[in-house]
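Subject: Structure for you to look at

Hello,

Here is the structure I promised to pass on. Please open it first, then read my notes below with the model beside you.

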Amino acid sequence: MLTEREEKNSVAIASNESFSSWTKTFTDPRLCAATVDRLTFGGNIIETGTDSYRLAQTRARTEQRSTG
């Protein structure tokens with residue numbers, strides 16, 4: 001499906017994980033490598049270098065509950 005989509009339109013993927021950590025999701029190393037290869041071929045990678053806003057908010061709420 002990804003191949004058909006990327007041949008016709010743009011595909012945007014967002015992840016808080018680096019490519020090296022994608023093996024947590026795609027546990028087969030060959031499948032993981034093929035997926036990263038397909039997504040990055042001819043694409044633009046934008047690294048923001050920031051943590052997830054939602055994750056930071058969740059951690060703050062959790063900390064408030066444990067201390068409050």
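S21 sits in the loop between α1 (2-8) and α2. The model is a predicted one, so keep that in mind throughout. Is S21 buried or exposed? Its relative accessibility is 18%, and residues under 20% count as buried, so S21 is buried. The side chain of S21 also has a partner: a polar contact of 3.4 Å joins it to the side chain of E17.

Now step back to the whole chain. It has three helices and zero strands. Along the sequence, the pattern reads α-α-α. How far does the C-alpha trace spread? Along its principal axes it spans about 50 × 25 × 20 Å. The radius of gyration is 16 Å, whereas a compact globule of 68 residues would have one near 11 Å. Buried residues make up 9% of the 68 residues. The accessible surface comes to about 6500 Å². Carbon and sulfur atoms account for 49% of that surface.

Next, look at α2. This helix covers residues 29-40, which is 12 residues. From first C-alpha to last it reaches 16 Å, close to the 16 Å expected at 1.5 Å a residue. Which residues of α2 are buried? They are C32, T35 and V36. Seen down the helix axis, these buried residues fall within an arc of 95°, so they line one face of α2. On the other side of α2, R30 and D37 are exposed. Try turning the view until you look along the helix; then find both groups.

The two ends of α2 deserve a look as well. D28 caps the N-terminal end. One of its side-chain oxygens lies 2.8 Å from the backbone nitrogen of R30. Just after the helix comes G42, which takes a positive phi of about 70°.

Stay with T35 for a moment. T35 belongs to helix α2. Its relative accessible area is 16%, and the cut-off for buried is under 20%, so T35 is buried. What does T35 touch, beyond residues up to four places away in sequence? It touches W22 and F26.

Compare that with I45. This residue lies in the loop between α2 and α3 (53-67). Its relative accessible area is 52%, and exposed means over 50%, so I45 is exposed. Even so, I45 has contacts outside its neighbours within four places in sequence: F19 and T40. I13 is another residue to find from here. I45 and I13 are 32 residues apart in sequence. In space they are 9.6 Å apart, C-alpha to C-alpha.

Last comes α3. It has 15 residues. It reaches 21 Å from its first C-alpha to its last, close to the 21 Å expected at 1.5 Å a residue. How many of its 15 residues are buried? The count is zero, and α3 is hardly covered.

A good order for viewing would be S21 with E17, then the buried face of α2, then I45 with F19 and T40, and finally α3 with its zero buried residues.

Best wishes

How values were computed. Residues numbered from 1 in each chain as written. Predicted model: local features only at pLDDT ≥ 70, side-chain atom pairs only at ≥ 80, totals over all residues. Heavy atoms only, no water. Helix = DSSP H or I, 4+ residues; strand = E, 2+ residues; numbered from the N terminus. Expected span 1.5 Å × (residues − 1). Buried < 20%, exposed > 50% of the residue type's maximum accessible area, 1.4 Å probe, protein only. Arc of directions from axis to C-beta. Polar contact = N/O pair within 3.5 Å; in protein donor to acceptor, adjacent residues only side chain to side chain. Rg over C-alpha atoms; globule rule 2.2 N^0.38 Å. Areas by Shrake-Rupley, 256 points an atom, 1.4 Å probe, with all protein chains shown as cover. Contact = heavy atoms within 4.5 Å.
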